Structures are given as C-alpha cells and as structure tokens.
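Welcome, and please load the model in your viewer with the side chains switched on. We will go from stop to stop, selecting a few residues at a time.

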Amino acid sequence: MAVRPITITGEPVLHRPAAEVTAVDDDLRALVADMFETMDAAPGVGLAAPQVGVGLRLFVYSWVDDEGESWRGVAINPQLWQSPLGTEPLDEDDESEGCLSIPGERFPLRRAEHALLQATDLDGVDYEIEAHGWLARIFQHEYDHLDGVLYADRLEHPLYKAAAKSVKRSGWGVAGKTWLPGVDHLDD
C-alpha cells in the first residue's frame, strides 16, 4: 500500500467522465488499498479514483455517523439515485463542503438529504445502501467525481465566483498539479 498524490482541479482526469471498471483483479485491489491509505492520510471521508489520476468509476469512503456506526467501503461502477433538493435557505455551517482536489477550501452546497447507492465491492458482490444526511452527501460528492464534476462546479453565484478566485489565486486550474498527504501542507 502507498499514499498516492491527489490531483488538483485542472487535471484533465478530474473533468471528464471516468470509464467503467471491467475487471476486479490484483491491480484494482492494489489501487483500492492505496486509495484507502491516501484518503486516511489526507484525511478525508471519501476519495474517487480520478482524484489519484485514475479514470475509473470507483470510489472509497470512510465515515462514522453520530450513532457511532462505521461506514467504510468501496463502490465499483456505482449508480446513485437521490431525493429532490430542499428549497429552504442554505445553511452555511451544516451544508459546508470541501474537496481533497481543491484543498483547504470549503463552501456551502445544497445536496439531497437521501441517496440510494448501488455498487459492487472488491469481491464482486453487488450491494445497496440507503444513505441519509452526511453519508448521502459523501456518496453524491464522490459520484460526481466519476462524472467529471467537482463540488465547486455546482456552487451558485457568488460562491462559484469566490471558489474560482481561490483556485486562480492558488495557481491551480491547470494540468500537472498534485499534493501528497502527509508531505504537502496546502492549507497552511
């Protein structure tokens, strides 16, 4: 296992749809192990393959809910359904979101309260998780990565403009930018 560099916005693999996984083999198992190690080192609650420069439709997640239940797994070739978005005013604290590919930044973003994830695990077993709250947010965020969408792409004006300024100020938005968890400290 190894911590892999995390791609930063502007890297082409982050901005295009990822390809279906066609085989679960030793190479894929090694990738998933590296992704878990990278996510944990970052630290993060989810990591999609495009974020480590691999254009495949898979993500890992790890989160402990308020009841102490641990949610940790891999979603290969996932499908995601979500409830309609709420219409109440955006709560800047409860709906604040960040991304390891836009390190150090957080902006409020409306996500669906409920989501249904269907995917395959590393043993080739299909599974389904009905997620609510923060877990639903994690699934939506990571699933977006598989379609080439970053959370900042979904922000409404003026938040979208603030995120774009931050990316430009940091020198990101171009190919070739990465950071290595445990080594680089981009939010200092």
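Begin with the second largest pocket, which holds about 320 Å³ of space. To find its middle, select Leu 85, Leu 109, Arg 110, Arg 154 and Glu 156: of the 17 residues that line this pocket, these are the closest to its centre. A pocket here is sought on a 1 Å grid over the protein atoms alone, as an open set of points where a 1.4 Å probe fits, with protein on both sides within 12 Å along at least five of seven lines; lining residues have an atom within 4 Å of a point. Grid points are joined across faces, edges and corners, and the volume is the space filled by probe spheres set on the points. Colour the lining by type and you get eight nonpolar, three polar and six charged residues. In that count Ala, Val, Leu, Ile, Met, Phe, Trp, Tyr, Cys and Pro are nonpolar, Asp, Glu, Lys and Arg are charged, and the others, Gly among them, are polar.

A word on what you are looking at: this is a predicted model, in which local features need pLDDT of at least 70 and side-chain atom pairs count only at pLDDT 80 or more, while totals for chains, interfaces and linings use all residues. Residues are numbered from 1 along each chain as its sequence is written, and side-chain values use heavy atoms, with hydrogens and water left out.

**Stop two: Glu 95 and the hairpin after it**

Select Glu 95 in the loop between strand 4 and strand 5. Helices (H or I, at least four residues) and strands (E, at least two) are DSSP runs, numbered from the N terminus. Is Glu 95 buried or exposed? It counts as buried, because its relative accessibility is 11%; buried means under 20% relative accessible area, exposed over 50%, and partly exposed in between, using a 1.4 Å probe and protein chains only. Leaving aside residues up to four places away in sequence, Glu 95 touches Pro 89, Leu 90, Phe 107, Pro 108, Leu 109, Arg 110, Arg 111 and Arg 137. Contact means heavy atoms within 4.5 Å.

Now select residues 96-99, strand 5, and residues 102-108, strand 6: they run antiparallel and are joined by four bridges. Strands pair if DSSP finds at least two bridges between them. Two residues make the link in this hairpin, and Ser 96 stands opposite Pro 108.

**Stop three: helix 3**

Strand 6 is also part of what covers the buried residues of helix 3, so keep strand 6 on display and add residues 159-169. Ala 163, Ser 166 and Val 167 are the buried residues to pick out in helix 3. Why do they lie on the same side of helix 3? They cover an arc of only 100 degrees around the axis, the arc being that of the directions from the helix axis to the C-beta atoms. An α-helix has 3.6 residues a turn, so residues three or four places apart point the same way. Turn to the face directed away from the buried side, and you meet the exposed residues Lys 165, Lys 168 and Arg 169. After the helix comes Gly 171, with a positive phi near 80 degrees.

**Stop four: strands 2, 3 and 4**

Select residues 58-64, which form strand 3; six of its seven residues are buried. Strand 3 has an antiparallel partner in strand 2, residues 46-48, with three bridges between them. Look there for Gly 46 opposite Tyr 61. Strand 3 also pairs with strand 4 in the antiparallel sense, over seven bridges, and Ser 62 stands opposite Arg 72.

Five residues lie between the strands in the hairpin of strand 3 and strand 4, where Gly 68 takes a positive phi near 90 degrees. Gly 68 is exposed, with a relative accessible area of 52%. Try a distance from Gly 68 back to Leu 109: their C-alpha atoms are separated by 25 Å, and the two are 41 residues apart along the chain.

**Stop five: Ile 76 and the next strands**

In strand 4, residues 70-82, select Ile 76. Ile 76 counts as buried because its relative accessibility is 2%. Its contacts, not counting residues up to four places away in sequence, include Val 21, Leu 28, Leu 58, Ala 119 and Leu 122. The C-alpha atoms of Ile 76 and Val 32 are separated by 10.0 Å, with their places 44 residues apart along the chain.

Strand 4 leads you on to strand 7, residues 114-120: five bridges join the two, which run antiparallel. Gln 82 stands opposite Ala 115 there. Last, add strand 8, residues 126-132, which pairs with strand 7 over seven bridges in the antiparallel sense. His 114 and His 132 stand opposite each other. This hairpin has five residues between its strands, and Gly 124 in the turn has a positive phi of about 80 degrees.
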